[in-house]
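Here's a quick tour of one strand and the company it keeps. Have a look at the structure first, then read on.

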Amino acid sequence: MVGRKWFARMVIALGLMGVAGLSHGVPARAELSEEEYKKLRSDATELLHLRIGDITVIDSKPEMVKYRVEATVDQVDRSARGFSRGARLTFESYYVPTKARKQGYTGPESPPQLYPGWTGWIFLSKSKNGDGLEPAAHGRSFHYSYDLKP
C-alpha cells in the first residue's frame, strides 16, 4: 500500500514537471496579463487590416506549427514601415494545436490558425530573430473584421 506522504510527493513532483514544461515535451510558457497584452499592442509598429493569401509551413512539431504568411493590406491604422492599401507583405506566425494545449501549454495565447482568405486587423512588430514581422501580442494580435475596435 502506498502511503499518503509518497502520494502527496508524487502529485507535487508531477505538478512541477507540468509547470516546468517537462511533461509531454511541451515547453513551459507563462500566460501574459491583460496589461502586458495591451502594452504589446500599443507598442506594435504596424496595425493593418490584412487579407491572407498563401501560407507556407516552415516548421511543424506536435507542440507548435510555425508558418510564413503572405498578405495584402486592405486598410492601415498605423504603419512605421509605410505600408498602404494594396501593399503585399509577409510575416511569420505560429499556431499551438489543441492537443498541445491539452497537454500542458500554458501561454501566451496562441494566434488563430490562419487560412487563405482570412481577413482582419493584425498588430505586427519586428520579429525577434530578424528584420521580418510577427504578431506583436501573440494571439491577442488578431481581431476579426467585424470587431468594432481592435
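## Strand β4 and its cover

How many of the eight residues of strand β4 (residues 119–126) are buried? This is a predicted model, and in it seven of the eight are buried, leaving β4 mostly covered.

## Who pairs with β4

Start with strand β1 (residues 46–61): β1 and β4 run antiparallel and are joined by six bridges. If you want a spot to click on, E46 has L124 in β4 as its bridge partner.

Then there's strand β6 (residues 142–144), which pairs with β4 in the antiparallel sense through three bridges. Here G120 stands opposite Y144 of β6. Strand β5 (residues 133–135) pairs with β4 as well, antiparallel and over three bridges; in that pairing, S125 has E134 of β5 as its bridge partner. Getting from β4 to β5 takes a hairpin of six residues.

## The nonpolar core

Nonpolar side chains in soluble globular proteins tend to be buried together. In this model, the largest nonpolar core has 19 residues, and I122 and L124 are among those with the most contacts inside it, along with L50, I52, L89, F91 and L114. Two or more core residues come from each of β1, β2 (64–79), β3 (88–95) and β4. The most come from β2, which gives five.

## A closer look at I52

What does I52 touch, once neighbours within four places in sequence are set aside? Its contacts include I122, F91 and L114, plus V69, E70 and A71. Also in contact with I52 are Y115, P116, G117 and W118.

Note on methods. Residues numbered from 1 in each chain as written. Predicted model: local features only at pLDDT ≥ 70, side-chain atom pairs only at ≥ 80, totals over all residues. Heavy atoms only, no water. Buried < 20%, exposed > 50% of the residue type's maximum accessible area, 1.4 Å probe, protein only. Helix = DSSP H or I, 4+ residues; strand = E, 2+ residues; numbered from the N terminus. Pairing = 2+ DSSP bridges. Core = buried A, V, L, I, M, F, W, Y, C linked by side-chain atoms within 4.5 Å. Contact = heavy atoms within 4.5 Å.
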